[in-house]
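This report introduces a protein structure to a reader who has not met it before. Please keep the sequence and the structure in view while reading.

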Amino acid sequence: MPTTVKSRPEELSDILDLQAAEEASLALPPELPSNLRHIVLTGFMGAGKSTVGRLVAARLGWKFLDLDQHLEARAGLSVPEIFALHGEAHFRRLESSALASALGQPRTVLALGGGTPEVLTNRLLLEQTPGTAIIFLDAPFPALFDRCVLQGISRPVLADPAAAELRFAARHPLYRRLARHTIETADAAPEQTALALIAALARNRAS
Ligand code: S3P
């Protein structure tokens, strides 16, 4: 059943979430569902998919894969270069084929690109790949935009902030529907989010 987890304790249920997160951090390696092969992080640019994904992978002893980096390595070009030279439609084709390749690798924490779930075949592939748990890292658009500005990474889709906000609104329901768990990250440190994520997956095992 889909759940939403906040990373800061405000109510009893949040405190229980945090306790579960702490328990998960003590039990190494955490007890995850035995059929779990891929932990996939989705969300808009600036959601922390790569930062949190690296922390989760390190804690589990799994491999971490960033879909943009995987795609860049396969194409021999950076994401901004692909957009500039070949356009977004070409980038999306490379992204879909990089996704299929990434999902062939077991025991992997995979950080998607912010736009990966826009493509129907990507959503179907993610939903139909056995042993795949998808987690949505959520935050309001202004917080995400500020994080992206601070990171200073070149992101072609952010060049027009008003258009980026429209994309955020269009994608938000897709992220939500795709994910088994949603974690709200606006006020959370990446370590807290990583622990909340592992706790949510470990709880899933028991249910
Ligand atoms: C994009 C997000 C980027 C990257 C590309 C397009 C998008 O990934 O795939 O610039 O359409 O939202 P991050 O979400 O990792 O920044």
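The sections below treat a strand and its partners, then the aromatic rings, and then a pocket. The structure is a predicted model.

**Strand E2 and its partners**

Strand E2 spans residues 38–42, and five of its five residues are buried. In a regular strand the side chains alternate between the two faces of the sheet. In E2, His38, Val40 and Thr42 lie on one side, while Ile39 and Leu41 lie on the other. The residues of both sides are buried, and both faces of the strand are thus covered.

With which strands does E2 pair in the parallel sense? One partner is strand E4, residues 108–111, and another is strand E5, residues 132–138. The table sets out the two pairings, together with the residue that stands opposite Leu41 in each partner.

| Partner of E2 | Residues | Sense | Bridges | Opposite Leu41 |
|---|---|---|---|---|
| E4 | 108–111 | parallel | four bridges | Ala111 |
| E5 | 132–138 | parallel | five bridges | Ile135 |

Leu41 thus stands opposite Ala111 in E4 and opposite Ile135 in E5.

**Aromatic pairs**

The structure holds six aromatic pairs. One of them joins Phe83 and Phe91, whose ring centres are 4.8 Å apart and whose planes stand at 40 degrees, a tilted arrangement. A pair of aromatic rings is described by the distance of the centres and the angle of the planes.

Are Phe83 and Phe91 buried or exposed? Phe83 counts as buried because its relative accessibility is 16%, and the limit for a buried residue is under 20%. Phe91 has a relative accessible area of 3% and is therefore buried as well.

Elsewhere, ring pairs link four phenylalanines into a cluster: Phe44, Phe141, Phe145 and Phe168.

**The largest pocket**

Rolling a probe the size of a water molecule over the atoms shows where empty space is left. The largest pocket has a volume of about 590 Å³. It is lined by 30 residues, of which Met45, Asp66, Asp68, Ile153 and Arg155 are the closest to its centre.

Four helices each give two or more residues to this lining: H2 (49–60), H3 (67–75), H4 (79–86) and H5 (88–102). Which element gives the most to the lining? That element is H2, with four residues. Sorted by class, the lining of the largest pocket comprises eleven nonpolar, ten polar and nine charged residues.

How values were computed: Residues are numbered from 1 along each chain as its sequence is written. This is a predicted model: local features need pLDDT of at least 70, side-chain atom pairs count only at pLDDT 80 or more; totals for chains, interfaces and linings use all residues. Side-chain values use heavy atoms; hydrogens and water are left out. Rings of Phe, Tyr and Trp (its six-membered ring) pair if their centres lie within 6.5 Å; planes under 30 degrees apart count as stacked, over 60 as edge-to-face and the rest as tilted. Buried means under 20% relative accessible area, exposed over 50%, partly exposed in between (1.4 Å probe, protein chains only). On a 1 Å grid over the protein atoms alone, a cavity is a set of points where a 1.4 Å probe fits but cannot get out, and a pocket is an open set with protein on both sides within 12 Å along at least five of seven lines; lining residues have an atom within 4 Å of a point. Grid points are joined across faces, edges and corners, and a volume is the space filled by probe spheres set on the points. Ala, Val, Leu, Ile, Met, Phe, Trp, Tyr, Cys and Pro count as nonpolar, Asp, Glu, Lys and Arg as charged, and the others, Gly among them, as polar. Two strands pair if DSSP finds at least two bridges between them.
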